[in-house]
Amino acid sequence: IAAYAQNGNGKQALELIRQMQLEGMEPDGITFTAILDTCASLSDISEGKESHASIIDTGFESDVVVG
């Protein structure tokens, strides 16, 4: 996911995240960091807010990497 985002393929990164979640995989702290970086690079406020809410809901806001 981070590789997609870092190479200008943010939309593909977000699609991969959605696919992972549909298959029952939950993001970890590293994945959430990549998601937020992707949202920032795409200037996608809506996705960023949704991801931020997920971070809070899952308790990762206190994670040193994410928070």
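## Report on Thr38, the core and the pocket

The side chain of Thr38 reaches the backbone oxygen of Ala34 at a distance of 2.8 Å, where a polar contact is a pair of N or O atoms within 3.5 Å, one able to donate a hydrogen and the other to accept it, and residues adjacent in sequence count only if both atoms are side-chain atoms. The structure is a predicted model, in which local features need pLDDT of at least 70 and side-chain atom pairs count only at pLDDT 80 or more, while totals for chains, interfaces and linings use all residues. Residues are numbered from 1 along each chain as its sequence is written, and side-chain values use heavy atoms, with hydrogens and water left out.

Thr38 is found in helix H3, a helix being a DSSP run of H or I with at least four residues, numbered from the N terminus. Thr38 counts as buried because its relative accessible area is 0%; buried means under 20%, exposed over 50%, and partly exposed in between, with a 1.4 Å probe and protein chains only. When residues up to four places away in sequence are left aside, Thr38 touches Ala5, Gly10, Ala13 and Leu14, contact meaning heavy atoms within 4.5 Å.

Leu14 also appears in the largest nonpolar core, which has 6 residues in all, namely Leu14, Ile17, Phe32, Ile35, Cys39 and Ile55. Such a core is a set of buried Ala, Val, Leu, Ile, Met, Phe, Trp, Tyr and Cys residues joined through side-chain atoms within 4.5 Å. At least two residues of this core are supplied by each of helix H2 (10–22) and helix H3 (29–42), and the largest share, 3 residues, comes from H3. In soluble globular proteins, nonpolar side chains tend to be buried together. One member of the core, Cys39, touches Leu14, Asp44, Glu47, Gly48 and Ser51, again without counting residues up to four places away in sequence.

Next comes the largest pocket, whose volume is about 160 Å³. Its lining is made by Ile17, Arg18, Gln21, Glu26, Pro27, Phe32, Ile35, Glu47, Glu50, Ser51, Ser54 and Thr58. H2, H3 and helix H4 (45–58) are the elements that give two or more residues to this lining, with H4 contributing the largest share, 5 residues. By residue type, the lining divides into 4 nonpolar, 4 polar and 4 charged residues.

Gln21, one of the lining residues, lies in helix H2 and is classed as partly exposed because its relative accessible area is 36%. Gln19, which lies in helix H2 as well, is likewise partly exposed, with a value of 38%. Ser46, by contrast, has its place in helix H4 and counts as exposed, since its relative accessibility is 54%. Ala2 lies in helix H1 (residues 2–6), and its relative accessible area of 35% makes it partly exposed.

The table sets out the separation of four residue pairs along the chain and in space, taken from C-alpha to C-alpha.

| Residue pair | Apart in sequence | C-alpha to C-alpha |
|---|---|---|
| Gln21 and Ser46 | 25 residues | 18 Å |
| Ser46 and Leu22 | 24 residues | 19 Å |
| Gln19 and Thr38 | 19 residues | 16 Å |
| Ala2 and Ile35 | 33 residues | 7.9 Å |

The pair of Ala2 and Ile35 brings the reader back to the core, where Ile35 is one of the members, and to the pocket, where Ile35 is one of the lining residues.

A last residue to look at is Ser43, which has its place in the loop between H3 and H4. The phi angle of Ser43 is near 55 degrees, and this is a positive value in a residue other than glycine. Ser43 is described as exposed because its relative accessible area is 60%, whereas Thr38 in the helix before that loop is buried at 0%.

Note on methods
On a 1 Å grid over the protein atoms alone, a cavity is a set of points where a 1.4 Å probe fits but cannot get out, and a pocket is an open set with protein on both sides within 12 Å along at least five of seven lines; lining residues have an atom within 4 Å of a point. Grid points are joined across faces, edges and corners, and a volume is the space filled by probe spheres set on the points. Ala, Val, Leu, Ile, Met, Phe, Trp, Tyr, Cys and Pro count as nonpolar, Asp, Glu, Lys and Arg as charged, and the others, Gly among them, as polar.
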